[in-house]
Amino acid sequence: MKKKSKLNKKIFLPVNRPIVTEGDAKKIYKAVKSGWISSAGPDIILFEKNLSKFVNRKYACAVSSGTAALEIAVKSLGLKKNDEIIMPTFTIISNAIAIIKNLAKPVLIDSDLDTWNIDVKKIEEKITKKTKAIMLPHIYGFPCDMDKILKICKKYKLYLIEDAAEMLGQNYKKNKCGSFGDISTFSFYANKHITTGEGGMVLTNNKSLYEKIKDLKNLNFGKINRFNHTDISWNYRLTNMQAALGVNQLKRINQIIKKKRFIGNYYYKSFINNKNILIQPKETSYAKNIYWIYGVVLKINSLKYKTEIQKKLFKKGIETRPFFWPMHKQDIFKKLNLFKNEKYPNAEYLSNNGFYIPTGIDLTKKQLSYIADTVNFITR
Ligand SMILES: Cc1ncc(COP(=O)(O)O)c(C=O)c1O
């Protein structure tokens, strides 16, 4: 009888597995038992304090998600209808919807094929009198070139909303990502470096923006008459129970980044001689990759071929996820008549041909070796 591969039957390696320790669970239990189960409580205060210290910002405001953080960030700037915000097309939809929901206009920029971040060289040609801000997500573990971005912001007097959702613990030169924006945001979704299940944070050094941000996440309750509200806003509050998890996870951030780098560098070494794929840099003069995820871009430009490769990997027990789908190609934005006839070849290339492979911090060396060998074998 033909021997079946038991290994492949048993193996399932997800792209990520959130690690919640016994110690984390105890902290959540303690928070629940204390009765602080909603959005006030000592763990919220501590989470905000510890995160602002870690990122080196004066003020932090915990919110219910990274998407909520971005919506609040845009609204706090008090923009006028049709004011423009520049952002990359290759990113999560949260960036664009935060702008659109606030009645401003997203203006898209193509990606840099080396780093997969916004192509800084293409920003200035898109700046108009209506441009008020740059929204800057750092993509997949490698930061944007902040010196160049900050120079543009200064020259044209633009706000910077730095979306550091994928970057907790990453540095640009000597400073932490999340410390550059007039407003910076994070996400603590289950696949992020630290998680609160769902959650996010808005950070700033500007006291008056901070006051606005606090009101916007909390329905703009009146200061004198609580139920006489002063603006249209949201209930985007994080709970104290979630914050308790965040506080405990944040204690391990350096360990988590170390393991992520180990995984990323292992893959980097395994793939650097594979002529059929593109990968992000390991390091440049301004940063070392922290590999929030590990992306692989196939050189053969074909969405169909990519899907086949993903299916083959899945059969081998290796889960993959496709890259972001660019904003100018989103069905919803086509319906809204946005970005009509706009073309961004690099972003299209990345999204057509890119997928990411497992990078959970519980992966063993044996599993990494299996994943790397299988990817190399299948993409040969
Ligand atoms: C760059 C970026 N910004 C924002 C978000 C949205 O965060 P959340 O899922 O917490 O709403 C994500 C989520 O993956 C992200 O990658």
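**Exercise 1.** Why is strand β1 (residues 59-63) largely enclosed by the rest of the structure?

*Solution.* This is a predicted model, where local features need pLDDT of at least 70, side-chain atom pairs count only at pLDDT 80 or more, and totals for chains, interfaces and linings use all residues. Residues are numbered from 1 along each chain as its sequence is written.
- Step 1. Take the cut-offs: buried means 20 or more other C-beta atoms within 10 Å of a residue's own, exposed 12 or fewer, partly exposed in between, with C-beta atoms placed from the backbone.
- Step 2. Strands (E, at least two residues) and helices (H or I, at least four) are DSSP runs, numbered from the N terminus.
- Step 3. In β1, 4 of the 5 residues are buried, so the strand is largely enclosed.

**Exercise 2.** Place β1 in its sheet.

*Solution.*
- Step 1. Strands pair if DSSP finds at least two bridges between them.
- Step 2. β1 and β9 (residues 200-204) run antiparallel, joined by 5 bridges. Y59 faces T204 of β9.
- Step 3. The open sheet has 7 strands in the order β1-β9-β8-β5-β4-β2-β3, with mixed pairing. β1 and β3 (105-109) are its edge strands, each pairing on one side only.

**Exercise 3.** Which helix packs on the sheet, touching β1, β8 and β9?

*Solution.*
- Step 1. Contact requires C-beta atoms, placed from the backbone, within 7 Å.
- Step 2. Angles run from 0 to 180 degrees between N-to-C directions; axes are lines fitted to C-alpha atoms, for helices over the stretch in contact.
- Step 3. The helix is α7 (residues 207-216), whose direction makes about 15° with that of β1.

How values were computed: Two residues are in contact if their C-beta atoms, placed from the backbone, lie within 7 Å.
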